[in-house]
Amino acid sequence: MSEKMLTFQKQINPKLEDKDILPATLSKEIITDLLKDELNFNGLVVTDASHMLGMTAAMRREDYVPLAIAAGCDVFLFFNDLEEDFNFMLNGYKNGVVTEERLNDAVRRILELKAQLNLHVRQAEGNLLMSASALDIIDQQEHLEMQKEAADLGITLVKNTLDELPITPEKHKRIRLYMIENSEKDGIYQSDSKVTENIISEFELRGFEVTLNDGSTRVKGRTLDYRKEVDAAIVIANIVGYAAQNNYRIQWSTAMSNEIPWFVCEVPTVFASLNYTTHLHDATMVKAYINAYHSNPTTIKALVDKITWHK
């Protein structure tokens, strides 16, 4: 739990001790006192996924199922066992954990959202499914501009100890690109096959000559020849994963492979992670490190913009 969240809860209720502070989903101070009362939020509040550790580590399920609604959440996300969770909620209502007033407020907010979506009309017409034309909202220019802004504001320069940025075609025309990806080539952790192509394209559009690392293992070649052929090195970690572990470490293709940044003192080198924010632990030798947070084309363009910016 963040220090800021702890501060909010204690500001609202100074009597709270650290041991009594709950995850936001179960915190009346955060959901009701701050979000709904102080910030006047009149929308629908949905719990975090109810099987995630934030809730399960706080107390027994039969206690936190009704407490989430009592704290101010209006919809409970994901059941564990439908009948059991329903009875947990029902018992919480019968025991007064969820008051009549809180229950009615949650129902009102649910009905207001349904009305806003015209579900009552569509239900009367016998068609709750939205028409195919509803997908027309995707890729609207307004939303694309919001995506660009988010990428521009979100990308983080974590390290630049040798002041190697920007990389420009005037000084660093010949780029050697190193792509670090999952060893798994199939399945849910497979990297997007177009990421490398998109990165090369963005650099070439700016006047760079990009050579993709050939993937050879321990063969690094002659160092002086490398410096003659390469003006700057760009290392991109495009490692994909979700929820199976907290930190996906870089796995080099082999021991002492030529993709390990051995060249950081030979040519200006920039390392960027497109997904995980912790890869600097595995590449502490790099002098410039960036977290980009995603591998979509908009983020890649913003990343290359920042690597190649002009003062």
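In this predicted model, Arg108 is partly exposed, with a relative accessible area of 31%, and this residue is a convenient place to begin, since several charged side chains can be followed from it. Asp105 forms a salt bridge with Arg108, and the closest N and O atoms of the pair are 2.7 Å apart. Both residues belong to helix 6, where Asp105 and Arg108 are three residues apart, or about one turn of the helix. An α-helix has 3.6 residues a turn, so residues three or four places apart point the same way. Side chains of opposite charge can pair when their charged atoms come close.

Arg108 also has a second partner, for its side chain meets that of Glu112 in a salt bridge with an N to O distance of 2.8 Å. Because Glu112 and Arg108 are four residues apart in helix 6, about one helical turn separates them. Glu112 is, for its part, partly exposed, with a relative accessible area of 34%. Salt bridges that share partners join Lys36, Asp74, Arg102, Asp105, Arg108, Arg109 and Glu112 into one network.

Asp105 has a further link within this network, since its side chain and that of Arg109 meet in a salt bridge at 3.1 Å, N to O. Asp105 and Arg109 again both lie in helix 6, this time four residues apart, which is about one turn of the helix. Is Arg109 buried or exposed? Arg109 is buried, because its relative accessible area of 7% falls under the 20% that marks a buried residue. Across the whole structure there are 23 salt bridges.

Helix 6, which spans residues 100-116, also takes part in covering another helix: what covers the buried residues of helix 4 includes helix 3 (53-56), helix 5 and helix 6. Those buried residues of helix 4 are Arg61, Tyr64, Val65, Pro66, Ala68 and Ile69. Two packed helices are described by the angle between their axes and the distance between the axes. For helix 4 (residues 61-70) and helix 5 (residues 82-94), the angle is about 65° and the axes are 8 Å apart, and the crossing in which helix 4 passes helix 5 is right-handed. On the side of helix 4 the contact is made by Arg61, Glu62, Val65, Pro66 and Ile69, while helix 5 contributes Asp85, Phe88, Met89 and Gly92. Sorted by class, the residues of this contact are five nonpolar, one polar and three charged. Just after helix 4, the chain reaches Gly72, which takes a positive phi of about 130°.

From the helices the reader can turn to the sheet, which is open, has six strands in the order 1-6-5-4-2-3, and shows mixed pairing. Strand 1 (156-160) and strand 3 stand at its edges, each with a single partner strand, so one side of each is left without a neighbour in the sheet. On average, and with direction ignored, neighbouring strands of this sheet are turned by 20° against each other. Helix 9 (residues 195-205) packs on the sheet, where it touches strand 2 (174-181), strand 3 and strand 4 (232-238), and its direction makes about 160° with that of strand 2.

Strand 5 can be followed through its partners on either hand. Strands of a sheet pair through backbone hydrogen bonds, either parallel or antiparallel. Strand 5 (residues 269-273) and strand 6 (residues 288-291) run parallel and are joined by three bridges, whereas strand 4 and strand 5 pair in the parallel sense over five bridges. Phe271 stands opposite Tyr289 in strand 6, and Val235 stands opposite Phe271 in strand 5. Ser273 likewise stands opposite Asn291 in strand 6.

Which way do the residues of strand 5 point? In a regular strand the side chains alternate between the two faces of the sheet. In strand 5, Thr269, Phe271 and Ser273 point one way and Val270 and Ala272 the other way, and all are buried. With five of its five residues buried, strand 5 is therefore largely enclosed by the rest of the structure.

The last stop is Gly215, in the loop between strand 3 (209-212) and helix 10 (223-229). Gly215 is partly exposed, with a relative accessible area of 49%. Gly215 and Tyr178 are 37 residues apart in sequence, and their C-alpha atoms are 8.6 Å apart in space.

Notes:
Residues are numbered from 1 along each chain as its sequence is written. This is a predicted model: local features need pLDDT of at least 70, side-chain atom pairs count only at pLDDT 80 or more; totals for chains, interfaces and linings use all residues. Side-chain values use heavy atoms; hydrogens and water are left out. Helices (H or I, at least four residues) and strands (E, at least two) are DSSP runs, numbered from the N terminus. Buried means under 20% relative accessible area, exposed over 50%, partly exposed in between (1.4 Å probe, protein chains only). Axes are lines fitted to C-alpha atoms, for helices over the stretch in contact, and angles run from 0 to 180 degrees between N-to-C directions. A crossing is left-handed if the near helix is turned anticlockwise from the far one by less than a right angle, and right-handed if clockwise. Contact means heavy atoms within 4.5 Å. Ala, Val, Leu, Ile, Met, Phe, Trp, Tyr, Cys and Pro count as nonpolar, Asp, Glu, Lys and Arg as charged, and the others, Gly among them, as polar. A salt bridge is a side-chain nitrogen of Lys or Arg within 4 Å of a carboxyl oxygen of Asp or Glu. Two strands pair if DSSP finds at least two bridges between them.
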